[in-house]
Amino acid sequence: MERIGLMLGYFDPIHLGHLAMAQDAQKVYRLDAVYLCPLPESPEYAPVLNLKKRRKLILKCVSDKIKLYPDIIPLSADSLLIEVLSLVQKRHNDAAVFPIMGMDRLSRITDFAGIYSIPAVKALIVYSRIGYSSEKVVQLAQDSGAHSVFLRRLNAIPSSERVREQISLFNDVPEWVPSRVMHTIARKGYYLPNYKAMLRPTLSQSRLKHTVSVRKTAVDLAYRYNAPMLKTSVAAMLHDCAKCMTHCAMQKLAREKFLTEDGETLSSPALLHGVVGAYIAKTTYGIRDKDILNAITYHTVGRPNMTDIELCVLLADSIEPLRPKYPGIEEIRTLAKCDLKSAALASLRTTKSYILSIGGKYSMKAQDAMDDLLKKLTKIHQEV
Ligand code: FE
Ligand code: FE
């Protein structure tokens, strides 16, 4: 007889606690498969992400033994679990079904008789945190007719709410969320403020498209090179927030707010929009994080000792797929797949040759960034 675990929840978003429960149940109760069944919006909870997006995040975590439940189940609030179980029974004729849930869900079930009247249901597998007194809740459930409840305890089970809290602080929480899930969250800007809508009134349509494209590329680089993905996402999204201001308006703001006294920066819109952009990110978009603000400030010409976030944004800005082709772009894109610093250096060098070829003045700041990258790369080379 097939033994199926069925884990119901909102998965908003899925995290390592869900996977730890599924893996533990699968192993301990010798289940052939555990199905993760994300619930649609219901009167009990309105998820932040819609069902389609939550299902996509779950798909990043599936394996041979842990699967996404294929059906989307329309639910009414009070018969939630029973409806799902009846459907599962229809789909898997002779299977024994083990609903898996956290202690919070068990405490909300009122109709145990209804659940156990479904012949496929063999037992409820219920998870509690270590150090959490759960016996009372289980006793109460048993008194109400839950005749077989298996209680398991796991060490650290985060909640989706706490994960969302951390995301709002731009923390990737690798100890709670698989990096491939956080990659999609950061790439799409899930659970973050809707910067795209906020930027729309101030940026041209093409600049906005470039911005979204830089976010995707920068987050892909951050994922590849193990850099903080959420901070990279926000920095990339806001890197050109001042780009559509006139040079005059940027100079005025820079002088009034004492953003820079550097003549070279003040005289070049290409340099100034980074500095002014960081100020706008802080005052208009409420960004206080130094790493993000620095990545915005230095996305144009870089600086010595750039962080990985800064390198990802600077590089993504020059190689994102919507960027009009320029000589050397494909080589930089190829290099970006194997070495972040080398690719950033190649990007700065290409800009330098272009500026010199049109008789422009090359920034000494960019030269400092290039010299520093070259020094670091030579050192790595010698160490190898
Ligand atoms: Fe820019
Ligand atoms: Fe840009």
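Student: Is the site of the iron ion (ligand 2) regular or irregular, judged by the angles among its four donor atoms?
Tutor: In this predicted model, the angles among the four donor atoms of the iron ion (ligand 2) run from 81 to 176°. Four donors count as tetrahedral if all angles lie between 85 and 135 degrees, and as square planar if opposite donors are over 155 degrees apart and all others between 65 and 115. The site of the iron ion (ligand 2) is classed as irregular.

Student: Which residues coordinate the iron ion (ligand 2), and at what distances?
Tutor: Along the chain, the donor residues follow the spacing H-x28-H-D-x76-D. Two histidines contribute through NE2, namely His 210 and His 239, and two aspartates through OD, namely Asp 240 and Asp 317. The distances for these donors are 2.2 to 2.3 Å.

Student: How many residues apart are His 210 and Asp 317, the pair that links distant parts of the chain?
Tutor: The donor spacing of the iron ion (ligand 2) is H-x28-H-D-x76-D. His 210 belongs to helix α10 (residues 205-224), and Asp 317 belongs to helix α16 (residues 308-319). The pair is 107 residues apart.

Student: Is His 210 buried or exposed?
Tutor: The criterion for buried is under 20% relative accessible area. The relative accessibility of His 210 is 7%, and that of Asp 317, another donor residue, is 10%, so Asp 317 counts as buried. By the 7% value, His 210 counts as buried.

Student: Which residues does Ser 213 touch, not counting residues up to four places away in sequence?
Tutor: Ser 213 is found in helix α10. With 9% relative accessibility, Ser 213 counts as buried. Its contacts beyond those places are Glu 320, Pro 321 and Leu 322.

Student: Which residues coordinate the iron ion (ligand 1)?
Tutor: The donors of the iron ion (ligand 1) have the spacing D-x32-H-x25-H along the chain. Their distances are 2.1 to 2.2 Å, with one aspartate donating through OD and two histidines through NE2. The residues are Asp 240, His 273 and His 299.

Student: Why does the pair of His 273 and His 299 tie together parts of the chain, and how far apart in sequence are they?
Tutor: His 273 lies in helix α14 (residues 269-283), whereas His 299 lies in the loop between α15 (290-297) and α16, so the pair joins separate parts of the chain. Both count as buried, His 273 at 4% relative accessibility and His 299 at 2%. The separation in sequence is 26 residues.

Student: Which residue bridges the iron ion (ligand 1) and the iron ion (ligand 2)?
Tutor: The two iron ions lie 3.4 Å apart. One residue coordinates both ions. That residue is Asp 240.

Student: Why is the pair of Tyr 35 and Tyr 69 stacked or edge-to-face?
Tutor: A search of the whole structure finds four aromatic pairs. Planes over 60 degrees apart count as edge-to-face. The rings of Tyr 35 and Tyr 69 have centres 5.5 Å apart and planes at 85°, so the pair is edge-to-face.

Student: Where in the chain are Tyr 35 and Tyr 69, and how many residues apart are they?
Tutor: Tyr 35 is in strand β2 (residues 33-38), while Tyr 69 is in the loop between β3 (66-68) and α3 (80-91). Both Tyr 35 and Tyr 69 are buried. The pair links distant parts of the chain, 34 residues apart.

Student: Which residue has its charged end over the ring of Tyr 69?
Tutor: Tyr 69 is buried. The charged end in question is 5.9 Å from the centre of the Tyr 69 ring. The residue is Arg 91.

Student: What distance separates the centres of domain 1 and domain 2?
Tutor: The domain assignment gives domain 1 as 3-157 and domain 2 as 179-383. Nine residues of domain 1 are in contact with six residues of domain 2. Taken over C-alpha atoms, the centres are separated by 44 Å.

Student: With which residues is Trp 176 in contact, leaving aside its neighbours within four places in sequence?
Tutor: Trp 176 is placed in the loop between α7 (160-168) and α8 (179-188). At 15% relative accessibility, Trp 176 counts as buried. Its contacts are His 15, Leu 16, Pro 158, Arg 162, Val 163 and Gln 166.

Note on methods: Residues numbered from 1 in each chain as written. Chains lettered and ligands numbered in written order. Predicted model: local features only at pLDDT ≥ 70, side-chain atom pairs only at ≥ 80, totals over all residues. Heavy atoms only, no water. Donors = N, O, S within 2.8 Å, 3.2 Å for Na, K, Ca; no water. Tetrahedral: all angles 85-135°; square planar, octahedral: opposite > 155°, others 65-115°. Helix = DSSP H or I, 4+ residues; strand = E, 2+ residues; numbered from the N terminus. Buried < 20%, exposed > 50% of the residue type's maximum accessible area, 1.4 Å probe, protein only. Contact = heavy atoms within 4.5 Å. Phe/Tyr/Trp six-rings, centres within 6.5 Å; stacked < 30°, edge-to-face > 60°. Lys NZ or Arg CZ within 6 Å of the ring centre and 35° of its normal. Domains from an automatic or database assignment.
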